[in-house]
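I opened this entry to keep track of what I looked up in one structure. The notes follow the order in which I went through it.

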Amino acid sequence: MLLGVSACAAALTAVAALPAAAAPGAPPPVRDEDRAGDHLTVTVRHAGAAHDGTWELYCHPEGGTHPDVRGACALLDRSARWGRDLFAPVPQGSACTMQYGGPATARVTGVWAGRRVDAAYDRRNGCEIDRWNQLVPLLPDLRS
C-alpha cells in the first residue's frame, strides 16, 4: 500500500512540474514559423461607400491591400492572448444592450497565428457593437 501511495505522489509531482504549454489540453505556443502565414481577408458590407470593400492583410511581414496594414497587424498582435480566441463570437446567453449600430456586416477569413479564422461580425446589439469596436482598425471605425 505504501508503495502505491509513493508511486502516485511521484506521478503527481512529475505532472505538476510540467510547463503549462506541455499540460494536456493546453494549446501549443505560437512559434515564429506559425506566424509566417498570417493572412486575413476582410470583407465589409453596408458600412458606407468609404468603408465597404474586400482587403487582404498580411502580417509577419506586413503587406496587403488593407487600408491600415500596420495598425491592423499591431492590433492583432497586441490583442492575442493564450486560451482566448480573438475572433470568437459573443457567448450564447450574454446579456446585451438593445441598441442598433447599423446594417454593417463584416467577414474575416484566413489564418492567424497558425489557426484558421472564419468569423462574421455585425452591429445588431451592444455586445456585437463592442466585439466590432475591439477589432478597429482591422474593421472600420463606425463610432463617429
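**Helix 3 and its buried side**

I began with helix 3, whose buried residues pack against strand 1, strand 2, strand 3 and strand 4. The model is a predicted one, and I read every entry with that in mind. The buried residues that I listed for helix 3 are V69, G71, A72, C73, L75, L76 and S79.

**Overall layout**

I then stepped back to the whole chain. I counted 4 helices and 5 strands in its secondary structure. Along the sequence I noted the pattern α-α-β-β-β-α-β-β-α. The chain has 144 residues, and 33% of them are buried. For contacts between residues at least 6 apart in sequence, I noted that 54% join residues at least 24 apart.

**The sheet**

In what order do the strands of the sheet lie? I wrote down 3-2-1-4-5 for an open sheet of 5 strands, with antiparallel pairing. Strand 3 and strand 5 (115-122) are the edge strands, each pairing on one side only. I looked up the join between strand 1 (residues 39-45) and strand 4 and found 7 bridges, with the two strands running antiparallel. In that pairing, H39 stands opposite V111 in strand 4.

Next I checked which helices pack on the sheet. Helix 3 touches strand 1, strand 2, strand 3 and strand 4, and its direction makes about 65 degrees with that of strand 2. Helix 4 also packs on the sheet, where it touches strand 1, strand 4 and strand 5. The direction of helix 4 makes about 130 degrees with that of strand 5.

**T43**

I picked one residue of strand 1, T43, for a closer look. Which residues does T43 contact, leaving aside its neighbours within four places in sequence? I found G53, T54, T105, A106 and R107. Of these contacts I followed up T105, which is 62 residues from T43 in sequence. The C-alpha atoms of T43 and T105 are 8.3 Å apart in space.

**Disulfides**

I searched the whole structure for disulfides and got 2. With the bonded cysteines numbered in sequence order, I recorded the pairing as 1-2, 3-4.

One disulfide joins C59 to C73, with the sulfur atoms 1.9 Å apart. C59 is in the loop between strand 2 (53-58) and strand 3 (63-64), while C73 is in helix 3 (residues 69-79). The two cysteines are 14 residues apart, and the pair links distant parts of the chain. I noted a torsion of about -90 degrees about the S-S bond of C59 and C73, so this disulfide is left-handed.

Are C59 and C73 buried or exposed? C59 has a relative accessibility of 2%, so I entered it as buried. C73 is buried too, with a relative accessible area of 2%.

While in that loop I also looked at H60, which lies between strand 2 and strand 3. H60 counts as partly exposed because its relative accessibility is 29%. H60 and C73 are 13 residues apart along the chain, and their C-alpha atoms are separated by 8.4 Å.

The other disulfide joins C96 to C127, at 2.0 Å from S to S. C96 lies in the loop between helix 3 and strand 4 (105-112) and C127 in helix 4 (residues 126-133), so the pair ties together parts 31 residues apart in sequence. The torsion about the S-S bond of C96 and C127 is about -100 degrees, so I entered this disulfide as left-handed.

I checked how accessible these two cysteines are. C96 is partly exposed, at a relative accessible area of 23%. C127 has a relative accessibility of 18% and therefore counts as buried, the cut-off being under 20%.

**Rings and charges**

I looked for aromatic pairs and found 0 in the structure. I then turned to charges over rings. Which ring does the charged end of R131 sit over? I found R131 over the ring of Y121, 3.9 Å from its centre. I also noted R123 over the face of W132, at 5.5 Å from the ring centre.

Key: Residues are numbered from 1 along each chain as its sequence is written. This is a predicted model: local features need pLDDT of at least 70, side-chain atom pairs count only at pLDDT 80 or more; totals for chains, interfaces and linings use all residues. Side-chain values use heavy atoms; hydrogens and water are left out. A disulfide is a pair of cysteine sulfur atoms within 2.5 Å. Buried means under 20% relative accessible area, exposed over 50%, partly exposed in between (1.4 Å probe, protein chains only). Two strands pair if DSSP finds at least two bridges between them. Contact means heavy atoms within 4.5 Å. Axes are lines fitted to C-alpha atoms, for helices over the stretch in contact, and angles run from 0 to 180 degrees between N-to-C directions. Rings of Phe, Tyr and Trp (its six-membered ring) pair if their centres lie within 6.5 Å; planes under 30 degrees apart count as stacked, over 60 as edge-to-face and the rest as tilted. A charge sits over a ring if NZ of Lys or CZ of Arg is within 6 Å of the ring centre and within 35 degrees of the ring normal.
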